[in-house]
Amino acid sequence: MFLDIDKKPAAAIAAIDDSGERVTYGELAGAACYVSGLLPPRELVFCLCENRAGALAGYIALYQNKDVPLLLDAAADKELLRLLMELYGPSYLWLPERMAGEFPVEAVGSYKGFVLAKTPYNAPKMHDGLSFLLSTSGSTGTPKLVRHRYGNLEANARAVAGIFGWDARERGICHLPIQYTMGLNVINSHLYAGAAVLLTKSSLTSSAFWDFISEQKGTNFTGVPYSYEILFKLRFMKRELPYLRTLASGGGKLPEDRFAALAEYAAGTGRRFFSTFGTTETSARMAFLPPEMAMLKVGSIGRAIPGGELWLLDDSGSVIGNTEAEGELCCSGPNVTMGYANSRGDLSRGDELNGVYHTGDIARRDRDGCYYIIGRRQRFLKLFGHRVSLEQCEMLIGAEFASDCACIGSDPCAGSGERMKIFLTDQSIAEQVRAFLSEKTGLPRSVFSVSALDEIPRNQSGKIDYPELKELNT
Amino acid sequence: MTNLKKYRAAFAEGLEIDGAQAEGASVGTVAAWDSITQMSLIAALEETFEIEIEPEDIVALNSWENGIEILKKYGIEV
């Protein structure tokens, strides 16, 4: 069975959520059996997720039944959900019971607060190897999906469980959303190890979160840079966290002083700090820095995970032979997905990446073969751990407002992560644009700042002059 | 500006809601109240009243009313 779930002790806890709901390994296997009686294989199922045992059980059961789940945020913008449904035509939904009335669907089964419901659509034609779908960004209004093949999630779960040395005693804190690749990897790697996942919906800034992980004896924590900003603000290093043994980062670049402080804290308290790196396209993780190197290699993402390979390409696309070098980071391995989908028809496409992914990130490799992310080729930002495409935002603004516009990123620093800077030619709509982007991305207005220009600088071919805008922004 | 006005403005700025909605706001009633806006709210309160809010108060802050109670600890009467 998926992640060898049926080989774990049936009574062992697979997940506990902070509403008190729990699910054992035996129940997960039972849920898979139950769901297989409700729908045939190869249906396309939109799972509207929140960090609840019922969402986790649904995803596992549908995956096991060879249906193709797409995990989405149950709290996502309703317009975005409608757009995705029209675009892809899912044949079933797996969603919280209370939301079933919001869609024209017929419930056919239910499990731990979630229902399986039939939509008016028939399943699309899908490639036999297609196992699973995730959105490239947790929150932006882009319908672009990553097509996973059978073996991707399994390979990454196994590799990551091995790196961290998870066993059945581990109790992993999962505050990252299930539908976010890194959150899903926390779940999968723990299930593979027969460990328990502590699913929390309550925010890091609530006492409910801290009470939950303390009562449930959470042993490890995986966070994006913003999670760590909150932890630092809460002076977590001074907290009594007797069960917490491992800290891991992923989903973006920690400021160096934060990285160093975490490495030092871990070393000084007998804990482990893992810096990891990955993307949705690589089923979450492609690189990690062994914790014993964290103090020596501040800011590094380390080396390839077992079974994978990392290398650098120069501007002409050739592999760089020198050990110490800079170039575009590429990776290969069984965790590399098949490519993207932008519509229902794309779900029948085969493997277009063939096991090789070009990250679009510029990395430096030191003489010991450790990698450091230093910049990006592609135009996107990591805002609160979520990838937000600058191009997409420009298009959204362009379609909604009568103003020329250009979006760039402002560099992260301690205390404040990356931000988006929007240049407009019409100052009067500045606040409207901020509110609009906030609504579309689900991110607070404060991450968007607006400046007005008489005109957006362009080069001779009419393309926006981004280096010039960067200058204007400093 | 009175402390009440300042408090209302900090709530509105931090949670990105109208000042009129700030009074009586709580985690349960403001959809946008999550870890991100909570951090903005804390920053707005710290800046407005020139204080540093302790971690146990940061995690306790979940409504307009208990925010007023918390500020009393810092000698601020709203």
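This report describes a nonpolar core, one helix of chain A and the contact between chains A and B in a predicted model.

Local features are given only at pLDDT of at least 70 and side-chain atom pairs count only at pLDDT 80 or more, while totals for chains, interfaces and linings use all residues. Residues are numbered from 1 along each chain as its sequence is written, and chains are lettered from A in the order in which they are written.

The largest nonpolar core (buried Ala, Val, Leu, Ile, Met, Phe, Trp, Tyr and Cys residues joined through C-beta atoms within 7 Å; buried means 20 or more other C-beta atoms within 10 Å of a residue's own, with C-beta atoms placed from the backbone) has 158 residues, and A:Leu28, A:Cys47, A:Leu56 and A:Ile60 have the most contacts inside it. Helix H2 of chain A, residues 53-64, gives the most to this core, with 9 residues; helices (H or I, at least four residues) and strands (E, at least two) are DSSP runs numbered from the N terminus.

In helix H6 of chain A, residues 207-215, the buried residues are A:Phe209, A:Trp210, A:Phe212 and A:Ile213. These residues lie on the same side of H6(A) because they cover an arc of only 160° around the axis, taken from the directions from the helix axis to the C-beta atoms. Their cover includes elements of both chains, listed here.

| Element | Chain | Residues |
|---|---|---|
| Strand S10 | A | 171-174 |
| Strand S11 | A | 196-199 |
| Helix H4 | B | 55-60 |

Between the chains, 13 residues of chain B are in contact (C-beta atoms within 7 Å) with 14 residues of chain A. The largest share of the chain B side, 6 residues, comes from H3(B).

Notes:
A residue is buried if 20 or more other C-beta atoms lie within 10 Å of its own, exposed if 12 or fewer, and partly exposed in between; C-beta atoms are placed from the backbone. Two residues are in contact if their C-beta atoms, placed from the backbone, lie within 7 Å.
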